[in-house]
Amino acid sequence: MSIKITDANFDGIINEGISLIDFKTDWCGPCTAMSPIIDQISEDYPDVKVGKMDVDENSEIPKKLGIRSIPTIIVYNNGEIIERKVGIVSKDQIKEILDKQLS
């Protein structure tokens with residue numbers, strides 16, 4: 001199951017290890033389409049912290065990161081941005097990004 005990410009817990013989540021954060025909202029159709037993919041990734045990759053951040057409920061971090069379109073997925077390695085994808089991303093594309101980091 002994915003982690004609920006907030007402005008308050010964001011830094012603690014991304015600062016250690018591999019993390020994948022899905023920036024989304026409940027009213028966004030493409031975000032809703034991505035949600036089951038993100039949930040599956042969280043099950044397939046137990047060593048990766050996989051989370052979802054609602055940009056309507058949390059504005060500080062998305063603003064700081066310059067997120068203007070959703071869904072946006074950002075992959076971190078020890079707090080450093082490794083990959084950033086905007087729009088719908090396939091499960092295979094996400095797996096390719098994570099497999100590169102974990103190998």
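These exercises walk through a predicted model, each with a worked solution.

Residues are numbered from 1 along each chain as its sequence is written. In this predicted model, local features need pLDDT of at least 70, side-chain atom pairs count only at pLDDT 80 or more, and totals for chains, interfaces and linings use all residues, while side-chain values use heavy atoms and leave out hydrogens and water.

**Exercise 1. The sheet**

Task: State in which order the five strands lie in the sheet, and which are the edge strands.

Solution.
Step 1. Start with the terms. Helices (H or I, at least four residues) and strands (E, at least two) are DSSP runs, numbered from the N terminus. Two strands pair if DSSP finds at least two bridges between them.
Step 2. Read the order. The five strands form an open sheet, β1-β3-β2-β4-β5, with mixed pairing.
Step 3. Find the edges. β1 and β5 each pair on one side only.
Step 4. Add the twist. From one strand to the next it averages 25°. Axes are lines fitted to C-alpha atoms, for helices over the stretch in contact, and angles run from 0 to 180 degrees between N-to-C directions.
Step 5. Look at one pair. β1 and β3 are parallel and share three bridges. Here I5 stands opposite M53 in β3.

**Exercise 2. Helices on the sheet**

Task: Find which strands α2 touches and which strands α4 touches.

Solution.
Step 1. Define contact: heavy atoms within 4.5 Å.
Step 2. Take α2. This helix packs on the sheet and touches β2, β3 and β4. The direction of α2 makes about 155° with that of β3.
Step 3. Take α4. This helix packs on the sheet too, touching β2, β4 and β5. The direction of α4 makes about 155° with that of β2.

**Exercise 3. The nonpolar cores**

Task: Say which residues touch the most other members of the largest nonpolar core.

Solution.
Step 1. Define the core. It is a set of buried Ala, Val, Leu, Ile, Met, Phe, Trp, Tyr and Cys residues joined through side-chain atoms within 4.5 Å. Buried means under 20% relative accessible area, exposed over 50%, and partly exposed in between (1.4 Å probe, protein chains only).
Step 2. Name the residues. The largest core has 14 residues, and L20, I38, V48, I73, I94 and L98 touch the most other members.
Step 3. Place the core. β2 (18–24), α2 (29–44), β4 (72–77) and α4 (91–102) each give two or more residues.
Step 4. Note the other core. It is separate, has 12 residues and includes I14, F23, I74 and Y76.
Step 5. Follow L20. Beyond four places in sequence, L20 touches residues including I38, V48, I73, I94 and L98.

**Exercise 4. A buried serine**

Task: Is S19 buried or exposed, and which backbone oxygen lies 3.1 Å from a polar atom of its side chain?

Solution.
Step 1. Locate S19: strand β2.
Step 2. Check accessibility. The relative accessible area of S19 is 0%, so S19 is buried.
Step 3. Look for the partner. The backbone oxygen of I13 lies 3.1 Å from a polar atom of the S19 side chain.

**Exercise 5. Salt bridges**

Task: Find the partners of K4 and K91 in salt bridges.

Solution.
Step 1. Recall the principle. Side chains of opposite charge can pair when their charged atoms come close. A salt bridge is a side-chain nitrogen of Lys or Arg within 4 Å of a carboxyl oxygen of Asp or Glu. The count by this rule is five.
Step 2. Take K4. Its side chain meets that of E57, N to O, at 3.7 Å. K4 is in strand β1 and E57 in the loop between β3 and α3, so the pair ties together parts 53 residues apart in sequence. K4 is exposed at 57%, and E57 is exposed at 53%.
Step 3. Take K91. Its partner is D44, with the closest N and O atoms 3.2 Å apart. K91 in helix α4 and D44 in helix α2 are 47 residues apart. K91 is partly exposed at 27%, and D44 is partly exposed at 32%.

**Exercise 6. Loops**

Task: Identify which peptide bond is cis, and what sign phi has at N78.

Solution.
Step 1. Find the bond. The one from I70 to P71 is cis, with omega near 0°. P71 lies in the loop between α3 (60–65) and β4.
Step 2. Check N78. Its phi is positive, about 50°, although N78 is not a glycine. N78 sits in the loop between β4 and β5 (80–86). N78 is exposed, at 51% relative accessibility.

Definitions and conventions
Polar contact = N/O pair within 3.5 Å; in protein donor to acceptor, adjacent residues only side chain to side chain.
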